[in-house]
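Q: Please take a close look at the way the chains of this assembly meet. I would like one connected account, in plain terms.

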There are 4 protein chains.
Amino acid sequence: MTSQTMTADPGLGKNRPSKKQQILDAALNLFVQQGIEATATAQIAKRAGVATGTLFHHFASKEALIQALYWQIKQQLADAALAAEPSKEEDDLKRQARHYWDCALGWALAHPDALKFIGQLYHSPARDEHLEQQAMTQLLHFVPRMLEQGSALGLLRSAPMDLTLALCHSHFLASAHYFILHPQKATQSTYLDSAFEHLWNGLLHFPLHEELVLSH
Amino acid sequence: MTSQTMTADPGLGKNRPSKKQQILDAALNLFVQQGIEATATAQIAKRAGVATGTLFHHFASKEALIQALYWQIKQQLADAALAAEPSKEEDDLKRQARHYWDCALGWALAHPDALKFIGQLYHSPARDEHLEQQAMTQLLHFVPRMLEQGSALGLLRSAPMDLTLALCHSHFLASAHYFILHPQKATQSTYLDSAFEHLWNGLLHFPLHEELVLSH
Amino acid sequence: MTSQTMTADPGLGKNRPSKKQQILDAALNLFVQQGIEATATAQIAKRAGVATGTLFHHFASKEALIQALYWQIKQQLADAALAAEPSKEEDDLKRQARHYWDCALGWALAHPDALKFIGQLYHSPARDEHLEQQAMTQLLHFVPRMLEQGSALGLLRSAPMDLTLALCHSHFLASAHYFILHPQKATQSTYLDSAFEHLWNGLLHFPLHEELVLSH
Amino acid sequence: MTSQTMTADPGLGKNRPSKKQQILDAALNLFVQQGIEATATAQIAKRAGVATGTLFHHFASKEALIQALYWQIKQQLADAALAAEPSKEEDDLKRQARHYWDCALGWALAHPDALKFIGQLYHSPARDEHLEQQAMTQLLHFVPRMLEQGSALGLLRSAPMDLTLALCHSHFLASAHYFILHPQKATQSTYLDSAFEHLWNGLLHFPLHEELVLSH
DNA sequence: CATGAATGAGTCTTCATTCAT
DNA sequence: AATGAATGAAGACTCATTCAT
């Protein structure tokens, strides 16, 4: 929660969020419910309790609003994953990975709309590839770091990094999406473990692998 | 197994596809390039070489067109995966899985637009969950069948089926997407193997697992 | 029922009405339910159980269909009123008028859609004034005849004929409409008498009139 | 009693009517000339000198515009009839009725389009029966009041109220329509008197009635 | 900063009519 | 005579954006 947008909230002592944030909140909610294109700026403004014109004072265009929202969410997600960074000395890479996974998944479950929004943009042709790259390198840099670490230790398969990153990203999104759709299953460790194991095992390097399969 | 839509093409001897198919083709192309919402029905019709009204003669609405397109693609994908069904006697489950994987991935690479379209719809709030279920059970029934088989053999982890299915689906989509974006990598077995291994290993059941990790 | 459209019904011995008549029937029904403009020719054809093209074989245009329908209905209404023409010797003009009124109203109640259709066209700017005149003079000539007769006898006020005709026409339409909307009231003579008396008294010529009012 | 829509005309000192009123005026004019269905919203906007969107800023739909227009006209008509309410002490009910009649007819002749519009809607299947009821009870309440009064005095026939109301309404519409079509006749008292007498006599109660007819 | 009426190009969809079969 | 796929102009309505207050 560190890099929270602190735009000099004009609300002074009051706890009411700034109009800008109200707009972002309203937008997120509506985008997820109805889709991005299907949501009119006027509707966002109404839901946020401001005038139509006000929206365009804070965001140059609808497109800019979408990108600001996207960036804010990615930032919050990274913050959440890094919130209580595990001691670097932690010798167990898996446990470390699980720590990040739990933090990120926990945040996702607490902010289902944010996750769904990310998902919506993921496959959109309007997706800003450059923005995505930035987010990954600036915010979620710990993911490639861990992968390299594990690979160097011989624990993880030495797979192409960019492919692996893409697969991890998609795996996380799919898992989070699943648990958001079935909230009661997010409380059962069977399901939670299974999702993480699926990812982790997929990354592992197994000398015994072939034997196991052939001698089934 | 060819459930190809054979709508008694009125072109008879001529090889020209039916207007309905022309519309579907044009729609797919434009949807992927510009996004679904950003594509006007009039533009689809023009690209298809028919009148605006013709589109609505064949599809009740833009929404119906989208669903018809989705269904057709899923059907073709299933057909492709089942095209040369491996001998049932095949004792190696992994090889069998790889066979399906290669067929499906091959089709995806040959039809990048179709894949991208599926991806676009995947996270859309307009997504018809019911249709998705139908597609999975009617067309891609071989996936759950294999998972159960492997689980019964003790080869695969006994994970919740619905979660596993969702993760496999997303993994396939992400992989295909990656190779479509980087076509030259789709010719290198390093990459191709890596993508499949990631999925397969994630599914495996390892008695030795914990030991391996702890004794790294 | 004399001038029924006898278009050489190709149905031969069968009792099924000709396609042309089926179209007219379907059109009437839909026009009344949804409005004329709101009813598509394709819908009429479907309801009539014929192809879209067939409609345009029998009627040059939608407009022509409407006019044909209008004419047919006016004809049937006139036929109904004249069905059992009272003996000319009938000395009581009021009884004679009531006879026509009852016949016409009876037909209207038996054909509510027909009446509503006439009503719809009554105030339409698309109304063909010429056609209306023709209908009045050719089919309902007995109305002006009676008015003149009554006026000559000194029984009816000598009011301008065209104004009186318009008022009678509108009175009949309004009455019929009322009884169609409230069918159970069409069985009570209180209501039926009241509607007719209202018209008839309005036409009467009263030397005693002013006195009655002033000395109330 | 002037329930005129006084929507705080933003024109301030300027005499230019609000855009909303401009739209209503343009709509009335075009509806009457071409018919309601035959008039495009874009055409209304153009005639009103505003953008297409502006129309839908003030009225949710074409349907809503029609209803707003209808309501405004009924209001103005009621205002006109009640403009110079006759002294309550007026002992002659007929003279009182004639007063209302003249006021209403005068307004109708001064606003022929308004009258024609009412007429068009009168028989439309799109007619909102509920709105009609409201208009009658809220705006034109003096009509049923007079009828009851006259009936209590024994002057008017004790006919069913709702039927009588419908007949009076239709009679007024037909009369107004007639005079609008033949404006020069609206200056001759022969015609004006005749129209009113027709209505009034139709309402009267005549003990001598039968005798008069039988002894013609 | 905030407002919300105004804009007009653009969207999806309808529908009377035609014509090859 | 009957069919129904095809047409494309036209319609109602939307919406991102601007601007005077």
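A: In chain A, the span of residues 40–59 is 75% helix and 0% strand, and the C-alpha atoms at its two ends lie 14 Å apart. The model is a predicted one, and the values below are computed from it. For residues 40–59 of chain A, an unreviewed UniProt entry carries the annotation "DNA-binding region". That label comes from the record.

Now to the place where chain A meets chain B. How many residues does each chain bring to the contact of chain A and chain B? Chain A brings 48 residues, and chain B brings 48 residues. The size of an interface is often given as the accessible area lost when the parts come together. For chain A and chain B, the buried area is about 4,300 Å². Carbon and sulfur atoms give 69% of that area. On the side of chain A, the residues that lose the most area to chain B are H123(A), L167(A) and H198(A). Together these three make up 16% of what that side buries.

Specific pairings come next. Between chain A and chain B the count is 2 salt bridges. A salt bridge links the side chain of D162(A) to that of K185(B), with 2.9 Å from N to O. The count of residue pairs in polar contact between chain A and chain B is 7, with both residues at pLDDT 80 or more.

Which helices of chain A supply at least two residues each to the side that touches chain B? They are α1 (19–34), α5 (93–110), α6 (112–122), α9 (161–181), α10 (189–203) and α11 (209–214). The largest share, 11 residues, comes from α9(A). Sorted by class, the residues on this side of chain A are 21 nonpolar, 17 polar and 10 charged.

The arrangement of the two chains can be described by a rotation. A turn of 179 degrees, with a shift of 0.1 Å along the axis, lays chain A on chain B with an RMSD of 0.2 Å. In chain A, the C-alpha nearest the axis belongs to G202(A), at 1.9 Å. Of the interface residues of chain A, 100% are interface residues in chain B as well, so the copies meet through the same surface.

Chain D and chain C can be described in this way too. Their contact takes 47 residues from chain D and 48 residues from chain C. Between them they bury about 4,300 Å², with 69% of it on carbon and sulfur atoms. H123(D), L167(D) and H198(D) supply 16% of the area that chain D buries against chain C, more than any other three residues.

Across the interface of chain D and chain C there are 2 salt bridges. In a salt bridge of 2.9 Å, N to O, the side chain of D162(D) meets that of K185(C). There are 7 residue pairs in polar contact across this interface, both residues at pLDDT 80 or more. The helices of chain D that each supply at least two residues of the side touching chain C are α1 (19–34), α6 (112–122), α9 (161–181), α10 (189–203) and α11 (209–214). Here α9(D) gives the most, with 11 residues. This side of chain D consists of 21 nonpolar, 17 polar and 9 charged residues.

Chain D is superposed on chain C by a rotation of 179 degrees with 0.2 Å of shift along its axis, and the RMSD is 0.2 Å. These two copies are thus related as by a two-fold rotation axis. The C-alpha of chain D nearest that axis is the one of G202(D), 2.0 Å from it. Because 100% of the interface residues of chain D are also interface residues in chain C, the copies meet through the same surface.

Terms used. Residues are numbered from 1 along each chain as its sequence is written. Chains are lettered from A and ligands numbered from 1 in the order in which they are written. This is a predicted model: local features need pLDDT of at least 70, side-chain atom pairs count only at pLDDT 80 or more; totals for chains, interfaces and linings use all residues. Side-chain values use heavy atoms; hydrogens and water are left out. Contact means heavy atoms within 4.5 Å. Buried area is the accessible area (1.4 Å probe) that two parts lose on being put together, summed over both. A salt bridge is a side-chain nitrogen of Lys or Arg within 4 Å of a carboxyl oxygen of Asp or Glu. A polar contact is a pair of N or O atoms within 3.5 Å; within protein, one must be able to donate a hydrogen and the other to accept it, and residues adjacent in sequence count only if both atoms are side-chain atoms. Helices (H or I, at least four residues) and strands (E, at least two) are DSSP runs, numbered from the N terminus. Ala, Val, Leu, Ile, Met, Phe, Trp, Tyr, Cys and Pro count as nonpolar, Asp, Glu, Lys and Arg as charged, and the others, Gly among them, as polar. UniProt positions are given in the numbering used here, feature names are shortened, and annotations may be inferred rather than shown by experiment. Copies are superposed by least squares on the C-alpha atoms of residues with pLDDT of at least 70 in both.
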